[in-house]
Amino acid sequence: MTAEPAGRAPEGDGGTGAPDGKRGAGAPDGRSGTGAPGGTARLPGGFVVALNRHTRVIDGGRALLGGFPTRLVRLTPRARPLLADDRTVRVRDAASGVLADRLLDNGMAYPVVHDLPQNPDPRHTFVVPVHERAAQLDRLLTSIGPGQRVVVVDDGSRHADDIEDTAVKHGAQLVVLERNMGPAAARNAGLRLVRTPYVVFVDSDIVLPPETVPVLLRHFTDPKVGMAVPRITGLPTAAATGWIGRYEAARSSLDLGRDPAAVRPGTPVSWASTACSVARVDAMADGFDAAMRVGEDVDLCWRLIEDGWRVRYEPSVRAEHEHRVRFTDWMLRKAAYGTGAHPLAERHPELIAPAVLAPWAGALSLALLAQRRWSLPVAGAVCGITTVRIARKLKGADHPVRLATRLTANGAVSALSQTGALLTRHWWPLAAVGCAVSPRIRRAVAVASVADVALEYRPGEVGLDPLRYAAARRLDDLAYGTGVWLSALKGRSTAALRPRLGSGKGASG
């Protein structure tokens, strides 16, 4: 072996991503599994991975600390020279291939996509679900360009002639569904006609830069990759210059950030939108779950991962999405995202939770929420004990106490951030009632409301003043939380509302 895991540290990074759910549709049988990558699959020669910014090289290059959940990996003498000074590993032989593969599995590294080998068979077919929106479809197909294999699936449009004229104009194959079945069912109808190794799902409200798909296809030189997605950014339009449009440009639910990552429950990127995605057809089997009209993309990602496939998020390329920027449309869409929580809880009960906290992190949050004289001493004791426990697990590393203190501090910030999200987002109806009767809850909600804006607001990146950004943030939480509660009430279950204690995999909603 080229690397020796030294065990997990108690999660100092106990946070999870937030599957905000999206429009949905699914597989003909609703629950068909996907294929699985071969167990002997190996990374090809020339494949390059780089340590992500969360991974620390410690002990003079003898060990790595990072990943999700946080773990210590000791490098054998044979493995140490394979890690270059620029924090990359290039696959040249079996040993470097094993090391690169393990770093990807542990969430410590990402493929350097522009240095990857060219895909030997990049043939692909675009599948475009559309309902009405002939003008947007024309804009998308123009951005895709001529000479491409394109299947347009008209999902029961009333103005079907406009969709047909647009598809014919661009030389696309047209499939017409007699009634509206939802984007996932429409994608499945297109998928059944694909005869290429890869399928590109792209929604009609997307504009696709020419480099996006070719770059994403490079990820599939890793035989374990089943799907790759770009960064979803806002499409510049006149309507997007308003305050909601500027908020969405800074904090869209579909934008997963600047860092390349593995999409995996229990990590900062716990799901990915299929508004634009490239998938290996062999991994898709029957495709999306047609019973889901919201959250089907989250479900697909998680099923692929459960079947052993990797899903990669690649922010170096993008797809431009026409965000909803009219106030009513925006609020309704945010609430619709929330309604995917209960269907996901039914299908993935072990993954869906509004917060995932290690036991010590839960105790820390409860102590501070109590706001008693003993709260700070107890919180300090919890952090102190946790630091000692982590330091023991890091025994043998240089400066274990310093590393343990850093991990504990990161875990505390994550725990308090998740607790704040419970108060202002997932549990806001309960928090609102509590505010009416309890000064302590009022203080906790006020602190949570200000803290998340203070942590997220970047004056140079957000085209809004802090007050309007804060107002949009709270409305976003209000709408999404309402959707979660509506789905829970409809399903007569609190599964999507219950946080979970433990260090296992999970994804908040």
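**Close-up 1. Surroundings of Ser252 in the loop between α6 and β14**. In this predicted model, Ser252 is found in the loop that runs between α6 (243–251) and β14 (261–262). With a relative accessible area of 7%, Ser252 counts as buried, because that value is under 20%. A polar atom of the Ser252 side chain lies 3.1 Å from the backbone nitrogen of Leu254. When neighbours within four places in sequence are left aside, the residues in contact with Ser252 are Tyr247 and His323.

**Close-up 2. Ala290 in the loop between α7 and α8**. Ala290 belongs to the loop that lies between α7 (281–284) and α8 (296–306), and this residue is partly exposed, with a relative accessible area of 29%. Although Ala290 and Gly182 are 108 residues apart along the chain, a separation of 7.8 Å is found between their C-alpha atoms.

**Close-up 3. Packing of helix α15 against helix α16**. Helix α15, covering residues 439–456, and helix α16, covering residues 466–491, pack at an angle of about 115 degrees, and their axes are 10 Å apart. The crossing that these two helices, α15 and α16, make is right-handed. On the α15 side the contact is made by Ser449, Asp452, Val453 and Glu456, while α16 contributes Tyr469, Ala470, Arg473, Arg474 and Asp477. Taken by character, the residues of this contact between α15 and α16 comprise five charged, three nonpolar and one polar.

Key
Residues are numbered from 1 along each chain as its sequence is written. This is a predicted model: local features need pLDDT of at least 70, side-chain atom pairs count only at pLDDT 80 or more; totals for chains, interfaces and linings use all residues. Side-chain values use heavy atoms; hydrogens and water are left out. Axes are lines fitted to C-alpha atoms, for helices over the stretch in contact, and angles run from 0 to 180 degrees between N-to-C directions. Helices (H or I, at least four residues) and strands (E, at least two) are DSSP runs, numbered from the N terminus. A crossing is left-handed if the near helix is turned anticlockwise from the far one by less than a right angle, and right-handed if clockwise. Contact means heavy atoms within 4.5 Å. Ala, Val, Leu, Ile, Met, Phe, Trp, Tyr, Cys and Pro count as nonpolar, Asp, Glu, Lys and Arg as charged, and the others, Gly among them, as polar. Buried means under 20% relative accessible area, exposed over 50%, partly exposed in between (1.4 Å probe, protein chains only). A polar contact is a pair of N or O atoms within 3.5 Å; within protein, one must be able to donate a hydrogen and the other to accept it, and residues adjacent in sequence count only if both atoms are side-chain atoms.
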